[in-house]
Amino acid sequence: MPSIRETALSALLARLVAVPDAVAGREIAVPERIPPGGLLILRDGEPGAPEITLSPLLHHYDHTAEIEVLVQAADPPLGRSGPGRARALDDLLRALAASLGADRTLGGTVEWLTWGAPETEDIAVAGGAAIKAARVPVTLTYTTPDPLT
């Protein structure tokens, strides 16, 4: 039986897999080519120091993980309008928010799920369309009787 931590991270990954058209993975390397619908990568992060209550002994975590959100598309030529990378990233971030917001307890595996604002960056790719990436912090709040279970 997996630990509460692992169960929560697996449930979060399932929410990423539910994002339409995107490909999702956990702790994978960023490929040179991003799938057309975008790529979501779950980084496990750190559980941090728990608050502890006694009688019964319980460890209360606010585990901070991260979701990398990546899209790859050519921007329209100067002077022309079109969606480009910024729009593609915004569309994927909105789809991610909808998927996460659909179940903030991740099927009962966490007490609550929250996320923060994305930090974005552009990544140049030699000989190809640039990648627009965002890092979205997520906090999984859960309680366990033992930090290893």
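**Exercise 1. Count the secondary structure elements and give their order along the chain.**

Step 1. Count. The chain has two helices and seven strands. Helices (H or I, at least four residues) and strands (E, at least two) are DSSP runs, numbered from the N terminus.
Step 2. Order. Along the sequence the pattern reads α-β-β-β-β-α-β-β-β.

A note on the source: this is a predicted model, where local features need pLDDT of at least 70, side-chain atom pairs count only at pLDDT 80 or more, and totals for chains, interfaces and linings use all residues. Residues are numbered from 1 along each chain as its sequence is written, and side-chain values use heavy atoms, without hydrogens and water.

**Exercise 2. Describe the chain as a whole: its span, its buried share and its contacts.**

Step 1. Span. The C-alpha trace covers about 65 × 30 × 25 Å along its principal axes.
Step 2. Burial. The chain has 149 residues, and 32% of them are buried. Buried means under 20% relative accessible area, exposed over 50%, partly exposed in between (1.4 Å probe, protein chains only).
Step 3. Contacts. A contact means heavy atoms within 4.5 Å. Take the contacts between residues at least 6 apart in sequence: 60% join residues at least 24 apart.

**Exercise 3. Place Gly-25, classify it as buried or exposed, and list its contacts.**

Step 1. Place. Gly-25 sits in strand 1 (residues 23-26).
Step 2. Classify. Gly-25 counts as buried because its relative accessibility is 9%.
Step 3. Contacts. Set aside neighbours within four places in sequence. Gly-25 then touches Leu-13, Leu-40, Ile-41 and Leu-42.
Step 4. Distance. Gly-107 is 82 residues from Gly-25 in sequence, and their C-alpha atoms are 19 Å apart.

**Exercise 4. Do the same for Arg-87: find its element and its exposure class.**

Step 1. Place. Arg-87 belongs to helix 2 (residues 84-101).
Step 2. Classify. Its relative accessibility is 47%, so Arg-87 counts as partly exposed.
Step 3. Distance. Ala-73 lies 14 residues away along the chain, with 9.8 Å between the C-alpha atoms of Arg-87 and Ala-73.

**Exercise 5. Locate Leu-54, give its exposure class, and name the surface patch it helps to make.**

Step 1. Place. Leu-54 is in the loop between strand 3 (51-53) and strand 4 (58-72).
Step 2. Classify. Leu-54 counts as exposed because its relative accessibility is 70%.
Step 3. Patch. Ile-52, Leu-54 and Leu-57 make a nonpolar surface patch of about 330 Å². Such a patch takes residues with over 30% relative accessible area and no salt bridge, with nonpolar side chains (Val, Leu, Ile, Met, Phe, Trp, Tyr) joined within 5 Å. A salt bridge is a side-chain nitrogen of Lys or Arg within 4 Å of a carboxyl oxygen of Asp or Glu. Accessible areas come from the Shrake-Rupley method with a 1.4 Å probe; for residues, only the protein chains shown count as cover.

Key. Patches are made of residues with over 30% relative accessible area and no salt bridge: like charges are joined within 9 Å, nonpolar side chains (Val, Leu, Ile, Met, Phe, Trp, Tyr) within 5 Å.
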